[in-house]
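Got a few minutes to poke around a ligand site and some empty space? Have a look at this one first.

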Amino acid sequence: MSILCVGSVALDSVETPFGKAERVVGGSAVYFTAAASLLTSVQVVGVVGEDYPLERLDFLRARGVDLSGVEQVTGPSFFWSGRYRYDLNARDTLDTQLGVFADFQPRIPDAFRETPSLFLGNIDPVLQADVLDQVSAPSIVACDTMNYWIEGSRDALLALLARVRILIVNDEEIRQLADEPNLLKAARWVQERGPEYVVVKKGEHGAILFAPDWLFFVPGYPLEEVFDPTGAGDAFAGGFVGYLDHAGSLEPHDLRLAMVYGSALGSYAVERFSVERLATLDAADVRRRVAEFRDLTAFETRVEAV
Ligand code: AMP
């Protein structure tokens, strides 16, 4: 199977308590693809400016990722900068410059239109809907968003949700979207507006999957060194959707395992700046970390124990 991913292809400047990285490759599509390409084949659609070091994405090409849908046009690339404090779960966005993204009109090449899975990375919901109009009935349609669009393009986002099967957001975003502090209620609010499944990421505290009548929790992988949390959410989405596409199923067993793949890939993303760590991984590394989650979470119930 394969996934079509549309999202930002960005240059990021990031400051954490452990160091700084200036104008490194990032963006929702890049982090997603760096994770998902370890599990399945991926095609990317996006736009970059003349300033983008496309050779930094060679590791994706080497994994068979089709980047022919990433256009390079005149103007500056999408630029984002952020700063993390000691609580790495909280970040301040210092700057967002849309650059060539301001005029981006996603054009899905004919060869990508029949895709079985679609990931709508974090971009303007109007563009996300435009992409949906150009593909023919993928069985998995997953979508991400962020506060920037929840505040600025709420109506377009709500219209999009009606057409999406899986929404993947973080806890702060879903609270803001549903205007509801309780995550269970917020997830139900979203489900009433379209998505059958809602994944809520909670940074180092793991993630929760809300299905129509059951839920599942996966912890964050306990890391001693978290270097740069940027992209963890997109890498989670890459592991999650990447596994589902690979399995070709949305059975509860596969959805649960997909959550573990998501958490494993998210945890690798934060070990270095940019996609440095994701670029050096192979499928065996991912399998090893996924297997460790068994020991982290498995237990037996003995009724007589209490
Ligand atoms: P995450 O840490 O997973 O939420 O994603 C961080 C990535 O999102 C960074 O690499 C940014 O370039 C990208 N990003 C930040 N703001 C936006 C935005 N408004 N639209 C699209 N991508 C963004």
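Below are some questions and answers on this predicted model.

Q: Which residues come nearest to the ligand?
A: The shell to pick from has 18 residues around the ligand. Being in that shell takes a heavy atom within 4 Å. The ones that come nearest are S8, D12, G27, N122 and G231.

Q: Which residue has a side-chain N or O atom 2.8 Å from an oxygen atom of the ligand?
A: Start with the backbone, where a polar atom of G27 is 2.7 Å from a ligand oxygen. G231 also puts a backbone N or O atom 2.7 Å from an oxygen of the ligand. For the side-chain contact at 2.8 Å, the residue is D234.

Q: How much of the ligand's accessible area does the protein cover?
A: Those polar contacts include one from the side chain of D234 at 2.8 Å. On its own, the ligand has 510 Å² of accessible area. The share of this that the protein covers is 93%.

Q: Which element gives the largest share of the shell around the ligand?
A: Four elements each supply at least two shell residues: strand 2 (10-16), strand 6 (78-84), helix 4 (147-152) and helix 8 (232-247). The largest share is three residues, and the element behind it is helix 8.

Q: How many residues of the shell around the ligand are charged?
A: Sort the shell by class and you get eight nonpolar residues and seven polar ones. The charged group makes up the rest of the split, and its count is three.

Q: What is the bridge partner of D12 in strand 3?
A: D12 is among the residues that come nearest to the ligand. Strand 2 (10-16) pairs with strand 3 (residues 19-26) in the antiparallel sense, over six bridges. The two strands form a hairpin with two residues between them. Across in strand 3, the partner of D12 is V24.

Q: What is the volume of the second largest pocket, and which residues are closest to its centre?
A: This pocket has a volume of about 300 Å³. There are 13 residues lining it, and the closest to its centre are F216, L257, V260, R294 and T297.

Q: How many nonpolar residues are in the lining of the second largest pocket?
A: Strand 13 (215-218), helix 9 (252-269) and helix 11 (283-297) each supply at least two residues of this lining. By class, two lining residues are polar and two are charged. The nonpolar count is nine.

Q: Which element gives the largest share of the lining of the largest cavity?
A: A search of the whole structure turns up one cavity of 30 Å³ or more, with about 40 Å³ of space in it. Its lining is V9, A29, V30, T33, V44, L57, L60, L67 and V70, with helix 1 (28-36) and strand 5 (66-72) each giving two or more residues. The largest share, three residues, comes from helix 1.

Q: How many residues in the lining of the largest cavity are polar?
A: Eight of the lining residues are nonpolar, and no charged residue is found there. That leaves the polar class, with a count of one.

Key:
Residues numbered from 1 in each chain as written. Predicted model: local features only at pLDDT ≥ 70, side-chain atom pairs only at ≥ 80, totals over all residues. Heavy atoms only, no water. Polar contact = N/O pair within 3.5 Å; in protein donor to acceptor, adjacent residues only side chain to side chain. Areas by Shrake-Rupley, 256 points an atom, 1.4 Å probe, with all protein chains shown as cover. Nonpolar A, V, L, I, M, F, W, Y, C, P; charged D, E, K, R; others polar. 1 Å grid on protein atoms, 1.4 Å probe; cavity = no way out; pocket = protein on both sides within 12 Å on 5 of 7 lines; lining within 4 Å. Points joined across faces, edges and corners; volume = space filled by probe spheres on them. Pairing = 2+ DSSP bridges.
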